Amino acid sequence: MGNADAIVLDGFLDEETAGDLHGSTARFRLTVSPTDERTDEMILPCSVADPEMAHQVLHELTPGDQLRVTGYFRLPRTPDEPMWMVVTELTLLQPAPTMDPIGAFTAMLERYGPYVCYIDADTDQVLVWTEAGAWVGVADTPADIGDLLDTYEQRYGVGGEQP
């Protein structure tokens, strides 16, 4: 296989990486999203066998970094074996945003299927809407979101269509 056969993908480093005892190989997961649709996202296992790239993956990259990887797919030989990408080139496109660890978390939106939750660090309450914008309610704590969604779905259905 020549370079003309290589596959080039852009994505985000998904989580912490893993390597062998000597640091000559590394494994990581890349979140690839060819469109803005969350349903099109794919988590792709990747491996690096070049010691210099393995060092970069293990010691210089952080989760959330945007990467461009070039390589080849390794297809499974048996049904229980995963598919992964053997990376031959690795480029850091953009580092992950740095956050101040003190006071970094103030508020965030979280998705639960067709629901959107607003979680604020200053309060335990969680505000919940459907992705279409229909009001679902307020959960007293993040642990109560499931009960709130169950109650809402019993009343209106998953899509939130109100009678």
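Which side chains meet in a salt bridge with 2.7 Å from N to O, one of them being Asp-10? Select Asp-10 and Arg-68 and you have the pair. A salt bridge here is a side-chain nitrogen of Lys or Arg within 4 Å of a carboxyl oxygen of Asp or Glu.

Before going on, some ground rules. This is a predicted model, in which local features need pLDDT of at least 70 and side-chain atom pairs count only at pLDDT 80 or more, while totals for chains, interfaces and linings use all residues. Residues are numbered from 1 along each chain as its sequence is written, and side-chain values use heavy atoms, with hydrogens and water left out.

**The whole chain**

Color by secondary structure to start. You should find two helices and 10 strands; these are DSSP runs numbered from the N terminus, with helices (H or I) of at least four residues and strands (E) of at least two. Trace from the N terminus and the order reads β-β-β-β-α-β-β-β-β-β-β-α.

Now switch to a surface view. The chain exposes about 10,800 Å², with carbon and sulfur atoms supplying 52% of that; accessible areas come from the Shrake-Rupley method with a 1.4 Å probe, and for residues only the protein chains shown count as cover. Of the 163 residues, 27% are buried. In this tour, buried means under 20% relative accessible area, exposed means over 50%, and partly exposed is in between (1.4 Å probe, protein chains only).

How do the contacts spread along the sequence? Among contacts with a separation of 6 or more, 41% come from residues 24 or more positions apart, a contact being heavy atoms within 4.5 Å.

**Salt bridges**

Back to the opening pair, Asp-10 with Arg-68. Asp-10 sits in strand E1 (residues 7–13) and Arg-68 in strand E5 (residues 66–74), so this link spans 58 residues of sequence. Asp-10 is partly exposed at 32% relative accessibility, and Arg-68 is partly exposed too, at 34%.

Next, select Asp-14 and Arg-29, whose side chains form a salt bridge at 2.8 Å, N to O. Here Asp-14 is in the loop between E1 and strand E2 (18–19), while Arg-29 belongs to strand E3 (residues 26–32), 15 residues away. Both ends are partly exposed: Asp-14 has a relative accessible area of 26% and Arg-29 one of 35%.

Then jump to Glu-131 and Arg-111, a salt bridge with its closest N and O atoms 2.7 Å apart. Glu-131 is in the loop between strand E9 (126–130) and strand E10 (135–139), and Arg-111 is in strand E7 (residues 107–112), 20 residues apart. Arg-111 counts as partly exposed, at 36% relative accessibility.

Add Glu-15 to your earlier selection: salt bridges with shared partners tie Asp-14, Glu-15 and Arg-29 into one network. The count for the structure comes to five salt bridges.

**Aromatic pairs**

There are two of these to visit. Rings of Phe, Tyr and Trp (its six-membered ring) pair if their centres lie within 6.5 Å; planes under 30 degrees apart are stacked, over 60 edge-to-face, and the rest tilted.

Select Tyr-115 and Tyr-152. Their rings are edge-to-face, 6.1 Å centre to centre with 85 degrees between the planes. This pair links strand E8 (residues 115–120), home of Tyr-115, to helix H2 (residues 145–156), home of Tyr-152, across 37 residues. How exposed or buried is Tyr-115? Tyr-115 is buried, with a relative accessible area of 2%, and Tyr-152 is buried as well, at 2%.

Now go to Trp-129 and Trp-135. With ring centres 5.2 Å apart and planes at 70 degrees, this pair is edge-to-face. Trp-129 is partly exposed at 28% relative accessible area, and Trp-135 is partly exposed at 43%.

**A nonpolar patch**

Show the surface again and pick Phe-73, Leu-75 and Met-83, which form a nonpolar patch with about 260 Å² of accessible area together. Patches are built from residues with over 30% relative accessible area and no salt bridge, joining like charges within 9 Å and nonpolar side chains (Val, Leu, Ile, Met, Phe, Trp, Tyr) within 5 Å. Leu-75 lies in the loop between E5 and strand E6 (84–94) and is exposed, with a relative accessible area of 57%.

**Last stop: cysteines**

How many disulfides are there? The count is zero, with a disulfide taken as a pair of cysteine sulfur atoms within 2.5 Å. Select Cys-46, which is buried at 3% relative accessibility, and Cys-117, which is buried at 0%.
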